[in-house]
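Thanks for sharing this one with me. Here are my notes, point by point, to read with the model open beside you.

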Amino acid sequence: ECAKRHLGPVWQLRWNQQELSFTGEEKVEALFSVGADGRICKWFVINGGLDCTELMKLKRINNTQRMAEQNKQEKTAECVLSALTPGLCFDFHPTDSSIYLTGTFEGNIHKCSCSNSHQFLETYNKHFCPVNCITWCPHHPDVFLSCSSDSTVQLWKQDCLSPLLSFTSNHGAVREVRWSPKHATVFGAVNDGQIEIWDLNSSFLDPVIVQPAAPGLKITSLLFASLTDCVVVGDSCGQVTVYQLHNLPVGGQGDVLKVLLCSASSKEL
């Protein structure tokens, strides 16, 4: 019965701790959603029911402006079109609950603030198809991964508008990407055809583990276990499969990740 509810499919929900005071000592868990109607909403319980407030409208970026940014041309273009673009995913910063990233159908990634509902803090332009998943690195709060239907995974630092590293899948759209909670250099990605486990300490070019999908199945989602070296995978037939991972690096790889990122930054320069 919520009058402000989404007007299209809701693509992601996430609970997040929000500060109630400037000291940061008081916090409350709030529910957030992103939908195909181009809106990000914050939900709360009132009078025994659910209500929401609008956190951000995802305005479509003018193609002329985007081309100008990509070509680094110094000319003025219209900032936005009146239409909104569908939002597909989002994730909150691991140490600053007021900052979040959201990925859109048109391929943009926007960095936003809960205290500013009218303007994007940054826009990252690399993907040219819908951004299906975004995830901050739990071991390095300036780093995040994104994946897209353009068959790529991009690794970013939040202060750089170009990705530091790019990983390409040969099996179509990348549906989901997740960092390992135990290993700072390890992440997993799934596309229709296979599961891929990447270790940045071993290779930037190829995954260290590949598990093909069973015949007739498409892999749709992935989640790392928090206490063991396992991944849980969902597929198009409604099955959930648990895989045990072997020969992954011993924990405490944060310094390795920093070195890799510095090396990648130097190459970009």
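The points below go through the strands first, then one loop residue, then the cavities.

1. A word on the basis. This is a predicted model, in which local features need pLDDT of at least 70 and side-chain atom pairs count only at pLDDT 80 or more, while totals for chains, interfaces and linings use all residues. Residues are numbered from 1 along each chain as its sequence is written, and side-chain values use heavy atoms, with hydrogens and water left out.

2. The S2–S3 hairpin. Strands here are DSSP runs of E with at least two residues, numbered from the N terminus, and two of them pair if DSSP finds at least two bridges between them. Strand S2 (residues 27–35) and strand S3 (residues 39–46) are antiparallel and share four bridges, with Leu 31 matched to Trp 43 in S3. Three residues separate S2 from S3 in this hairpin, and Gly 38 in the turn has a positive phi of about 80 degrees.

3. The S3–S4 hairpin. S3 also pairs with strand S4 (residues 49–57), antiparallel, over eight bridges. Val 45 faces Leu 50 in S4 as one opposite pair. Two residues lie between the strands of this hairpin, where Asn 47 has a positive phi near 50 degrees.

4. The four-stranded sheet. S15-S16-S17-S18 is the strand order of an open, antiparallel sheet. Its edges are strand S15 (174–179) and strand S18 (209–212), each of which pairs on one side only. From one strand to the next the twist averages 15 degrees; the axes behind this angle are lines fitted to C-alpha atoms, and angles run from 0 to 180 degrees between N-to-C directions. Five bridges hold the antiparallel pair S15 and S16, and Glu 176 sits opposite Val 190 in S16.

5. The three-stranded sheet. Another open sheet has the order S19-S20-S21, again with antiparallel pairing. Strand S19 (219–224) and strand S21 (240–244) each have a single partner strand, so one side of each is left without a neighbour in the sheet. Neighbouring strands are turned by 25 degrees against each other on average, direction ignored. S19 is joined to strand S20 (residues 230–235) by five bridges, and Ser 221 has Gly 234 in S20 as its bridge partner.

6. A loop residue. Is Thr 95 buried or exposed? Thr 95 is exposed, at 63% relative accessible area (exposed means over 50%, with a 1.4 Å probe and protein chains only). Thr 95 belongs to the loop between strand S7 (87–92) and strand S8 (99–104). Its C-alpha lies 6.9 Å from that of Pro 141, although 46 residues separate the two in sequence.

7. The cavities. Two cavities of 30 Å³ or more are present (a cavity is a set of points on a 1 Å grid over the protein atoms alone where a 1.4 Å probe fits but cannot get out, and lining residues have an atom within 4 Å of a point). The volume of the largest is about 40 Å³, a volume being the space filled by probe spheres set on the points. Its lining includes His 183, Phe 224 and Asp 229.

8. The second cavity. The second largest cavity holds about 30 Å³. Among its lining residues are Val 153, Phe 167, Glu 196 and Trp 198. Strand S16 (186–191) and strand S17 (194–199) each supply at least two residues of this lining.

Terms used: 1 Å grid on protein atoms, 1.4 Å probe; cavity = no way out; pocket = protein on both sides within 12 Å on 5 of 7 lines; lining within 4 Å. Buried < 20%, exposed > 50% of the residue type's maximum accessible area, 1.4 Å probe, protein only.
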